[in-house]
2 protein chains.
Amino acid sequence: MDIQLKRGILEVCVLKAIKKEDSYGYKIIKDMKPYIEMSESTLYTILKRLEHQEMLIVRTEEFNSRLRKYYHITSKGLERLNEFVEDWRELMLIYQFVTKEDVSND
Amino acid sequence: MDIQLKRGILEVCVLKAIKKEDSYGYKIIKDMKPYIEMSESTLYTILKRLEHQEMLIVRTEEFNSRLRKYYHITSKGLERLNEFVEDWRELMLIYQFVTKEDVSND
DNA sequence: CACAATACATCATATCACGAAGTATATAAA
DNA sequence: TTTATATACTTCGTGATATGATGTATTGTG
């Protein structure tokens, strides 16, 4: 799929992936794989960005003497998801502009 | 609206704007305004890109001793519009992932 | 012991939308 | 006449962002 088209939705996908329950990078990628694929470098960039925007908070936990960074969505992150629905509505109107049939007026 | 979300659709909006009949930069912006706004620098960048990708062809015409560059969509451009519909279907599935209700299994 | 899987980090690069600023003409308003 | 606005296109620099490549480190698995 066109990369540009993915850009607007990648971030909210990550938020959604941690909405139900806290999750960590490696798992997020696997959970999203059936819907949308993203490289590790992309995900960790997004996670850092979302953290910086206070849409999620991080805690580090040890699992099998290996570190895991668990991400938890904040109210700001939930708000972002709601705003996305609004934006999508607007995008649907644009989509209709792109796909509407031109009626010829000969 | 979120800029990132617009990215995937800007190009096809321009293609759509010249699909029915050949048009020129200034008019394209005005025609699209009710649906989506874009700055002149953005439009002319996109037009140049689409020309380079052979999705449209250009001819220069004089109008009131002022030059106009008319853009005409090619078969490649029309193809691009069809592919966009396919991409959009895929995007809808991702959208559903983002907005679906998580059923709690307590 | 080698290799895949798990888990995260960093860097350089390419693409792209956009504001700012510029060039030039025609027309309407002061 | 001067000024402002609309038309029409161009160029440049910047910031945001997705991604491949590469690296580090540990835990299974064959």
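In the predicted model, 26 residues lie around DNA strand D, and those that come nearest are Ser41(A), Ser65(A), Arg66(A), Arg68(B) and Lys69(B). Of the atoms of this strand within 4 Å of the protein, 73% belong to sugar or phosphate, the remainder being base atoms. Several polar contacts to the phosphates of DNA strand D involve chain B. An N or O atom in the side chain of Tyr26(B) lies 2.9 Å from a phosphate oxygen of DNA strand D, and the corresponding distance for an N or O atom in the side chain of Lys30(B) is 3.2 Å. For Lys69(B), by contrast, a polar backbone atom is involved, at 2.7 Å from a phosphate oxygen of DNA strand D. The elements that give two or more residues to the surface near this strand are α1 (3-19) and α3 of chain A, together with α2 (25-32), α3 and β3 (66-73) of chain B. The largest share of that surface, 5 residues, is contributed by α3(A). Divided by class, the residues near DNA strand D comprise 7 nonpolar, 9 polar and 10 charged.

Around DNA strand C there are 25 residues, of which Tyr26(A), Arg68(A), Lys69(A), Ser41(B) and Ser65(B) come nearest. For DNA strand C, sugar or phosphate accounts for 73% of the atoms within 4 Å of the protein, and bases account for the rest. Residues of both chains make polar contacts with the phosphates of DNA strand C. In chain A, a polar backbone atom of Gly25(A) is 3.1 Å from a phosphate oxygen of this strand, while an N or O atom in the side chain of Arg68(A) is 2.6 Å from a phosphate oxygen. In chain B, a polar side-chain atom of Lys6(B) lies 3.0 Å from a phosphate oxygen of DNA strand C. Two or more residues of the surface near DNA strand C are given by each of α2 (25-32), α3 (40-52) and β3 (66-73) of chain A, and likewise by α1 (3-17) and α3 (40-52) of chain B. The class composition of this surface is 7 nonpolar, 8 polar and 10 charged residues.

Arg68(A), which has a side-chain N or O atom 2.6 Å from a phosphate oxygen of DNA strand C, also has its charged end over the ring of Phe63(A), 3.7 Å from the ring centre. In chain B, the charged end of Arg68(B) sits over the ring of Phe63(B), 3.7 Å from its centre, and Arg68(B) is among the residues that come nearest to DNA strand D.

The strands that carry some of these residues were examined next. In chain A, 3 strands form an open sheet in the order β1-β3-β2, with antiparallel pairing. Its edge strands are β1 (23-24) and β2 (56-63), each of which pairs on one side only. The antiparallel strands β1(A) and β3(A) are joined by 2 bridges, and Tyr24(A) has Tyr70(A) as its bridge partner in β3(A). In chain B, 8 bridges join strand β2 (residues 56-63) to β3(B), and these two strands run antiparallel. Phe63(B), whose ring lies under the charged end of Arg68(B), stands opposite Arg66(B) in β3(B). The hairpin of β2(B) and β3(B) has 2 residues between the strands, and Asn64(B) there takes a positive phi near 55°.

A search of the whole structure for aromatic pairs finds 11 over all chains. One of them, formed by Phe84(A) and Trp88(A), is tilted, with 5.9 Å centre to centre and 50° between the planes. Both residues lie in helix α4 (residues 75-99) of chain A, 4 residues apart, or about one turn of the helix, and both are buried. A further pair, Tyr95(A) with Trp88(B), is stacked, at 4.2 Å centre to centre and with 15° between the planes. This pair crosses between chains, from helix α4 of chain A to helix α4 (residues 75-99) of chain B. Tyr95(A) counts as buried because its relative accessibility is 14%, under the 20% limit, and Trp88(B) is likewise buried, with a relative accessible area of 4%. Phe84(A), Trp88(A), Tyr95(A), Phe84(B), Trp88(B) and Tyr95(B) form one aromatic cluster.

Technical notes
Residues are numbered from 1 along each chain as its sequence is written. Chains are lettered from A and ligands numbered from 1 in the order in which they are written. This is a predicted model: local features need pLDDT of at least 70, side-chain atom pairs count only at pLDDT 80 or more; totals for chains, interfaces and linings use all residues. Side-chain values use heavy atoms; hydrogens and water are left out. Rings of Phe, Tyr and Trp (its six-membered ring) pair if their centres lie within 6.5 Å; planes under 30 degrees apart count as stacked, over 60 as edge-to-face and the rest as tilted. Buried means under 20% relative accessible area, exposed over 50%, partly exposed in between (1.4 Å probe, protein chains only). A charge sits over a ring if NZ of Lys or CZ of Arg is within 6 Å of the ring centre and within 35 degrees of the ring normal. A residue is near a molecule or strand if one of its heavy atoms lies within 4 Å of it. A polar contact is a pair of N or O atoms within 3.5 Å; within protein, one must be able to donate a hydrogen and the other to accept it, and residues adjacent in sequence count only if both atoms are side-chain atoms. Ala, Val, Leu, Ile, Met, Phe, Trp, Tyr, Cys and Pro count as nonpolar, Asp, Glu, Lys and Arg as charged, and the others, Gly among them, as polar. Two strands pair if DSSP finds at least two bridges between them.
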